[in-house]
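Reader: I'm new to this one, so could you walk me through it slowly?

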Amino acid sequence: MSNHLQKYQQFTFKRWLLGLLGLGIIIFAALVYYQGASRFSSAPSKQIPSQDSDSSKIGSITMPTNTTNIQANDYQQFWLWTPPKDSTKLSQAHTLYLLQGEIRAPNMPYYRPDTHDNNAQALPATLITQGLGVRPLRGKKMWLVYRATSQTWSEDVMPQLIKRLEQWQRAGNHVMGIQIDYDAPTYRLGEYAALLKQIRQQLPAQYQLSVTGLLDWSNQAEDSQFIQLNNAIDELVIQTYQGTTTLTNYAQHLIRLKDLPFDFKVGIIEGGQWQGAAFLEDNPHFQGYVVFLR
């Protein structure tokens with residue numbers, strides 16, 4: 001019996017010793033974990049920008065991310081398709097772009113795909129008078145705007161545009177020239193530049209030529225087709241909206257205009273979402289924003 005008792009005591013001692021060893025390991029591990037956690041919590045935290053950060057990077061340009069709604073009272077240049085219901089919107093205006101007509105093929109609807117097939121079927125574009133009638137708007141520079149859906153114009157279009165310029169001028173206005181609002185596909189910029197050169201040649205010397213441009217044109221900012229516009233126009237207004245909505249990727253495109261060799265403006269939509277483009281202010285060719293009034 002004594003031999004069995006001795007073995008039992010040895011077995012009990014081993015169990016106790018192993019238990020004590022296991023408890024020591026647990027206590028040691030707990031201490032290590034506690035010290036590690038203390039160091040982590042006391043170390044300076046690394047700041048990670050959140051969705052609510054007030055700035056972001058686009059290339060090497062810092063862009064604000066605070067979104068605001070575009071308010072007409074904050075600007076001085078406007079596209080005006082119809083007389084505004086609230087005349088105070090124009091109280092501080094110094095430049096107006098006034099819709100005066102539409103240049104399109106008489107056998108084509110206003111909206112049609114600009115394809116070679118359609119162009120082959122289209123008759124030469126004619127002028128349809130639209131917009132505000134001639135009136136004195138003293139103290140403001142003005143451009144007469146014509147929407148176009150074709151690059152092939154009938155011969156009587158330019159004489160009508162020139163006649164309208166002279167009518168507004170005789171009414172006592174400071175008329176800058178005409179603006180062509182045509183969504184030329186980027187791949188056809190060379191053809192468009194050729195049309196604009198023809199328009200330039202026919203315009204009286206005292207008038208200038210402005211065009212609206214698509215954001216996508218900036219993809220060709222260093223392309224020879226895009227640079228050809230420089231020989232035909234005095235001003236480019238890049239539109240940053242579609243319909244009544246600001247395009248979400250406008251900043252990436254505008255940055256590509258930093259080396260543009262001629263003057264340009266940026267078109268924005270009243271009430272649209274805007275995060276700004278402060279980097280434009282350092283560009284000597286940037287001539288401000290034009291707001292499309294809704």
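Reader: Let's start with Glu235: is it buried or exposed?

Author: In this model, which is predicted rather than experimental, Glu235 is buried, with a relative accessible area of 7%. That value falls under the 20% cut-off, which is why the residue counts as buried.

Reader: And which side chain does Glu235 meet in a salt bridge?

Author: The partner of Glu235 is Lys265, and the N to O distance in that salt bridge is 3.0 Å. Glu235 belongs to strand 10 and Lys265 to strand 13 (residues 264–269), so the salt bridge ties together parts that are 30 residues apart in sequence.

Reader: Why does Lys265 count as buried?

Author: Lys265 counts as buried because its relative accessibility is 7%, and the limit for that label is under 20%.

Reader: What about the rest of strand 13, how many of its residues are buried?

Author: In strand 13, 6 of the 6 residues are buried, so the strand is largely enclosed by the rest of the structure. Its two faces are both covered, with Phe264, Val266 and Ile268 buried on one side, and Lys265, Gly267 and Ile269 buried on the other.

Reader: Which strands is strand 13 joined to by bridges?

Author: Strand 10 is joined to strand 13 by 4 bridges, and the two run parallel; Leu236, for example, has Phe264 in strand 13 as its bridge partner. Strand 13 is also joined to strand 15 by 5 bridges, again running parallel, and there the bridge partner of Ile268 is Val291 in strand 15.

Reader: Back to the charges, how many salt bridges does the structure hold?

Author: The structure holds 5 salt bridges. As a general point, side chains of opposite charge can pair when their charged atoms come close. One of the salt bridges here is between Arg200 and Asp234, whose closest N and O atoms are 2.1 Å apart. This pair links distant parts of the chain, since Arg200 lies in helix 4 (residues 189–202) and Asp234 in the loop between helix 5 (224–227) and strand 10 (235–239), 34 residues apart.

Reader: Are Arg200 and Asp234 buried or exposed?

Author: They fall in between: Arg200 is partly exposed, with a relative accessible area of 23%, and Asp234 is partly exposed as well, at 31%.

Reader: Which residues are linked in a network of salt bridges?

Author: The network links Glu102, Arg104 and Arg147. Within this network, the side chains of Arg104 and Glu102 meet at 2.5 Å, N to O, and both Arg104 and Glu102 are buried.

Reader: You mentioned helix 4, so what does that helix pack against?

Author: The buried residues of helix 4 pack against helix 3 (157–170), strand 8 (174–181), strand 9 (208–214) and helix 5. Those buried residues are Leu189, Gly190, Tyr192, Ala193, Leu195, Leu196 and Ile199. The helix has 14 residues and reaches 20 Å from its first C-alpha to its last, close to the 20 Å expected at 1.5 Å a residue.

Reader: Changing topic, how many aromatic pairs are there?

Author: The count comes to 12 aromatic pairs. For Tyr241 and Phe292, the ring centres are 6.2 Å apart and the planes are at 40°, so that pair is tilted. Tyr241 lies in strand 11 (residues 241–242) and Phe292 in strand 15 (residues 286–292), so the pair ties together parts that are 51 residues apart in sequence. Tyr241 is buried, and Phe292 is buried too.

Reader: And what kind of pair do Trp274 and Tyr289 form?

Author: Trp274 and Tyr289 form an edge-to-face aromatic pair, 5.8 Å centre to centre with 85° between the planes. Trp274 is in strand 14 (residues 273–274) and Tyr289 in strand 15, 15 residues apart, and the pair links distant parts of the chain. Trp274 and Tyr289 are both buried.

Reader: Which residues form one aromatic cluster?

Author: That cluster is formed by Tyr75, Tyr250, Phe264, Trp274, Phe286 and Tyr289. Phe264 was mentioned above as the bridge partner of Leu236.

Reader: To finish, what does the protein look like overall?

Author: The protein has 6 helices and 15 strands, and buried residues make up 43% of its 294 residues. Among contacts with a separation of 6 or more, 72% are between residues 24 or more positions apart. The protein exposes about 17100 Å², with carbon and sulfur atoms supplying 54% of that area.

Key: Residues numbered from 1 in each chain as written. Predicted model: local features only at pLDDT ≥ 70, side-chain atom pairs only at ≥ 80, totals over all residues. Heavy atoms only, no water. Salt bridge = Lys/Arg side-chain N within 4 Å of Asp/Glu carboxyl O. Buried < 20%, exposed > 50% of the residue type's maximum accessible area, 1.4 Å probe, protein only. Expected span 1.5 Å × (residues − 1). Contact = heavy atoms within 4.5 Å. Phe/Tyr/Trp six-rings, centres within 6.5 Å; stacked < 30°, edge-to-face > 60°. Pairing = 2+ DSSP bridges. Areas by Shrake-Rupley, 256 points an atom, 1.4 Å probe, with all protein chains shown as cover.
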